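Reader: Could you walk me through this one before I set anything up? I'd like the overall picture, and then some local detail.

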Amino acid sequence: MENKDWKNIGFGYSRSDYNVRCWYKNGQWGPLEISDSEHINMHIAATCLHYGQECFEGLKAFMGKDGKVRVFRMEENAKRMQSSCDGILMPKLPIEIFNEAVSLAVKKNMKFIPPYGCGASLYIRPLLIGTGPEIGVKPAEEYLFMVFVMPVGPYFPEGFKPTDLLIMREYDRAAPQGTGKYKVGGNYAASLIAGKEAKKGGFSAVLYLDSKEKKYLDECGPANFFGIKNNTYVTPKSDSILPSITNMSLIQLAKDLGMEVERRKVPVEELESFEEVGACGTAAVISPIKRVYDADIDKEYNYGTEAGPMSTKLYEKLRAIQDGDEPDVHNWNTIIESI
Ligand code: PLP
Ligand code: COI
């Protein structure tokens, strides 16, 4: 195993030994290839470079107390990548290739998986790019799918400590009928300026409102939003947010815990009535929120400086399943055998 200060590693890139690649050429997916290079050699007119033909995923592997390695909800990430492929006209990556490539990338980099109980995990980044040259705006004929991995700590340095969110109406992350529901690079480029403003002001992320009416909550930068009140888990329904797999899992766990669940439009003013608020995603897991500041009307909503009881319960439940400490009753984990 690598020797690192596991408790203090942040969320950042680091090199692992191998990555996995698969080319799509002449209308067909080729075999999986293993590479030890961090670089790719690409045509200057590749569509990913010019017209944003790129989609990616993010998932994690965890080392259990029992020494088993579990990848969380691989199948769902594979399905979401297929939806992104459809969204920007890339050939649909077969689920089996996604699963095999992720498993292989983890197996080839076992020594980078952080030890049980240290709070870090192995982040897995699959991505698919248009590599074929085009100069007219149209889909490429050649593509490259890749999977690389790295150990990471929490996305927000605070970890499971509450942070602040910022509402601003002058920036949109995605258009109402646009690509917000796909995990494509362009959405993230579009969010950089607003994200920078938020960080400058000491906020962990932007809480975007719907870009058409600016009346409803959308999502929080790289994570979905949820609020809790009266034993009910409430999360926005919107066509321009990414369908978060963490959120989908928390919805199930909330039901398992006997909570009601509502997925619906959430008016901004409803922030007033939530007892607890959080951001959720693979990288962030649950990031509890202590304050939402609406900069345009200079109004703040406060939720206390400690994570609330329901968010804590949901977080602990989810993490226990990921670590293999609790039975995986919904069959969310894939166990990766060493080579
Ligand atoms: N929303 C956006 C924009 C994201 O980038 C992510 C991260 O993947 C999420 C939400 C959370 O999704 P998931 O829980 O599937 O990681
Ligand atoms: C994730 O949560 O996996 C993400 O992709 C968020 C961010 C790093 C883009």
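**A strand and its neighbours**

Author: Let me begin with one pairing: S15 and strand S16 (residues 285-294) run antiparallel to each other and are paired over four bridges. Please keep in mind that this is a predicted model.

Reader: ok, and what joins S15 to S16?

Author: The connection is a hairpin, which passes from S15 to S16 through three residues. Within this pairing, Ala279 stands opposite Ser287 of S16.

Reader: which other strand pairs with S15, and over how many bridges?

Author: That is strand S12 (residues 223-229), which pairs with S15 in the antiparallel sense over five bridges. Gly227, for instance, has Val277 in S15 as its bridge partner.

Reader: is S15 covered or open, and how many of its residues are buried?

Author: Strand S15, spanning residues 276-281, is mostly covered, with six of its six residues buried. In a regular strand the side chains alternate between the two faces of the sheet. Here both faces are covered, since Glu276, Gly278 and Cys280 are buried on one side, while Val277, Ala279 and Gly281 are buried on the other.

Reader: switching to Ser244, where is it found?

Author: Ser244 sits in the loop that lies between strand S13 (232-236) and helix H6 (245-256).

Reader: buried or exposed, and why?

Author: Ser244 counts as buried, because its relative accessibility is 9% and the cut-off for buried is under 20%.

Reader: what does Ser244 touch?

Author: Leaving aside residues up to four places away in sequence, Ser244 touches Arg80, Asn224, Cys280 and Gly281. Cys280 and Gly281 are also among the buried residues of S15, on opposite sides of that strand.

Reader: now the whole protein: how many helices and strands?

Author: The protein has seven helices and 18 strands. Its radius of gyration is 20 Å, close to the 20 Å that the globule rule gives for 339 residues, so the protein is as compact as a globular protein of that length. Along the principal axes, its C-alpha atoms fill a box of roughly 55 × 50 × 35 Å.

Reader: what about burial and surface?

Author: Buried residues account for 53% of the 339, and the protein exposes about 15,300 Å², of which carbon and sulfur atoms supply 50%.

Reader: last one, how many positive and negative side chains?

Author: There are 41 positive and 46 negative side chains, and the centres of these two sets lie 1 Å apart.

Methods:
Residues are numbered from 1 along each chain as its sequence is written. Chains are lettered from A and ligands numbered from 1 in the order in which they are written. This is a predicted model: local features need pLDDT of at least 70, side-chain atom pairs count only at pLDDT 80 or more; totals for chains, interfaces and linings use all residues. Side-chain values use heavy atoms; hydrogens and water are left out. Helices (H or I, at least four residues) and strands (E, at least two) are DSSP runs, numbered from the N terminus. The radius of gyration is taken over C-alpha atoms; the globule rule is 2.2 Å times the number of residues to the power 0.38. Buried means under 20% relative accessible area, exposed over 50%, partly exposed in between (1.4 Å probe, protein chains only). Accessible areas come from the Shrake-Rupley method with a 1.4 Å probe; for residues, only the protein chains shown count as cover. Lys and Arg count as positive and Asp and Glu as negative; His and the chain ends are not counted. The place of a charge is taken as NZ of Lys, CZ of Arg, CG of Asp or CD of Glu. Contact means heavy atoms within 4.5 Å. Two strands pair if DSSP finds at least two bridges between them.
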